[in-house]
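Student: I have a new model on my screen and would like to know what backs up the words people use for it. Can we go through it together?

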Amino acid sequence: MFKKYWHIFKNSFQAGLVYRFNVFTSFFTAALSLVIFIYLWFSIYNQGGRLGDYNLRELIIYYIVSSFIALIIKAKDIGWVIGDEIRLGGISSYLVRPISFLYKSFFDNLGQAALMAAIFGVAVFAPLLFLQNFFSLFTGVLFAASVFLAVCLNFLIFYLVGISTFYFGFVMGFNFIMINIASFLSGGFIPLDLLPKWLFIISAWLPFKYLIFYPISIAMGKVNGYEALSGLGAGVLWMMILFLAAKILFKRGLKKYEGFGL
Amino acid sequence: MSKYYKVLKQLITLASGSYLSSRLDSVAYFLGKIVRFTFFLIFILSLFKFTETFVGYSKYEAVLFFLTFNLADVLAQALFRGIYMFKNDVKLGNFDFVLSKPINPLFYSFMRLTDILDTIFLIPIVSLIIFTVIKLGVAISFNNVFLYILFLTFSQLIIMGIHVLAASLTIWATEAENFIWLYRESMTVGRFPPEIFPSALQWIFTLIIPVIIIVAFPAKALLGVLNWQWAVFALIYAIGFFAISLLVWKISLKHYSSASS
């Protein structure tokens, strides 16, 4: 059954290799942002400041791993791509094929994510080995699982944004809002535990923390053992909720769809 | 001149119509800008829970750099948004029609899509700048304000030059449109005072990618910490950069090959 999706995954991976400039732009963006933040932390720590429980080395590790995860999960602008497929009628051709639009979109995104992981994995983890005795095997497995969970959750959140095109017609603005909310409340700007308390509490009740903050907490040993597993369980629960919502909204949305391009 | 005014007025009317035709999405997009701006402001303010100053700058001075970055960036986006449609014009050969109009093709290409949302977004940014200046607790003279506006004008001249270079490169190779995105990303350097970077990087961001001239110079002029040598340098740099970009544009135009004919 999954053979056809394997082909979609493979095609997406290979297509990503064609658009090398896009890969370079993503890398440039991430690297520049990393440089800015690292020098920002240097300037604060050099004058005797300290951000919460984080020492300088931990903050640098946080931002390196955060950039890596962001590159993977944001490999594709899912909300925009899916929104356009619905708006311009591209989805019509999938409706008449023995293929699930949800799975097709997921494996298409997974191919891009895998490409990013393959390209930047070594570049990111090699320097980390010098910075920290990173990962026991168990932590490594938990970290890999949490990053895969992040890819799935990010996909489902923005898949929901994309299919809301059925209801609103055009969701570029909504997508833009969600990108910014997800970037911030995932811990992409600043570790969530450094935010004002009220914002930290809000973020704890939302799925975004599983995109970046939670995988890094595992990697840095801030959560381990039972706590790490229960966190993963909560993330999986969020995934099931979003998956269910995606199924229901897609089914209802199809009833509103006017079939452009058929 | 009145011809250009009439064209600009017409283009703004058309752009407004375009935004109004998708009101819900425009409102959502505007909210997205507010969300991004607010979150980053919260980020900067959060840092001041853990430190008294950033490389010698107080909380409100650091916020002023961030707001000036937004002012320079949003102003350029409001004015030059049309450049993002230039690649398609060249690719599809529509630029032929622009060239055949009795109007400067650069002017038309830049102004054809005034970003109304960014224009509105300027209101909260300017209001916050005024609020921050009041909170600074230091006397800001009329001269400082005048210099701030003057250096912002230089900023816009340099940004316009960067956009002209991007358009020129697009004529040479349509895929070079991504150049403008590299510029947009580089601009984010300006969200913080430049002194956080080592001097080598400060030189790069002053001379090669002039983000520091674009953002930090106006903020420093307002704070009264920019010396006159740098002020003169910024003036020469802005005019020189813009002049070179126009020269590159003229050369590029000679290489334009219509895609449609």
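Here is a chat about a few labels and where they come from.

Tutor: Before we start, keep in mind that this is a predicted model.

Student: Okay. What makes α2(A) roughly antiparallel to α3(A)?

Tutor: Helix α2 (residues 20-46) of chain A and helix α3 (residues 56-73) of chain A pack at an angle of about 165°, with axes 10 Å apart. Angles over 145 degrees count as roughly antiparallel, so that label fits α2(A) and α3(A). The crossing of α2(A) past α3(A) is right-handed.

Student: Which residues of α2(A) and α3(A) meet there?

Tutor: On the α2(A) side, they include Phe27(A), Leu34(A) and Trp41(A). Among their counterparts in α3(A) are Leu59(A), Tyr63(A) and Leu71(A). By class, the contact of α2(A) with α3(A) has 14 nonpolar residues, 2 polar ones and no charged ones.

Student: Why are α2(B) and α3(B) called roughly antiparallel?

Tutor: Look at the angle again: helix α2 (residues 23-47) of chain B and helix α3 (residues 59-80) of chain B cross at roughly 155°, and their axes come within 10 Å. The cut-off is over 145 degrees, so α2(B) and α3(B) get the label too. Phe37(B) and Leu41(B) are among the α2(B) residues in this contact, and Lys59(B) and Asn70(B) are among those from α3(B). The contact of α2(B) with α3(B) divides into 8 nonpolar, 1 polar and 1 charged residues.

Student: How do you know whether Gln156(B) is buried or exposed?

Tutor: Gln156(B) has 9% relative accessibility, and buried means under 20%, so Gln156(B) counts as buried. Gln156(B) sits in helix α8 (residues 142-172) of chain B. Not counting residues up to four places away in sequence, Gln156(B) touches Ala72(B), Leu75(B), Ala76(B), Leu79(B) and Phe80(B).

Student: And what does Ile129(B) count as?

Tutor: Its relative accessibility is 7%, so Ile129(B) counts as buried. Ile129(B) belongs to helix α7 (residues 116-136) of chain B. Leaving aside neighbours within four places in sequence, Ile129(B) is in contact with Leu64(B), Leu67(B), Leu71(B) and Tyr148(B). Ile129(B) and Tyr60(B) are 69 residues apart in sequence, yet 9.8 Å apart in space, C-alpha to C-alpha.

Student: What makes α7(A) mostly covered?

Tutor: Of the 27 residues in α7(A), 21 are buried. Helix α7 (residues 137-163) of chain A reaches 39 Å from its first C-alpha to its last, close to the 39 Å expected at 1.5 Å a residue.

Methods:
Residues are numbered from 1 along each chain as its sequence is written. Chains are lettered from A and ligands numbered from 1 in the order in which they are written. This is a predicted model: local features need pLDDT of at least 70, side-chain atom pairs count only at pLDDT 80 or more; totals for chains, interfaces and linings use all residues. Side-chain values use heavy atoms; hydrogens and water are left out. Axes are lines fitted to C-alpha atoms, for helices over the stretch in contact, and angles run from 0 to 180 degrees between N-to-C directions. Helices (H or I, at least four residues) and strands (E, at least two) are DSSP runs, numbered from the N terminus. Angles under 35 degrees count as roughly parallel, over 145 as roughly antiparallel, 65 to 115 as roughly perpendicular and the rest as oblique. A crossing is left-handed if the near helix is turned anticlockwise from the far one by less than a right angle, and right-handed if clockwise. Contact means heavy atoms within 4.5 Å. Ala, Val, Leu, Ile, Met, Phe, Trp, Tyr, Cys and Pro count as nonpolar, Asp, Glu, Lys and Arg as charged, and the others, Gly among them, as polar. The expected span of a helix is 1.5 Å times one less than its number of residues. Buried means under 20% relative accessible area, exposed over 50%, partly exposed in between (1.4 Å probe, protein chains only).
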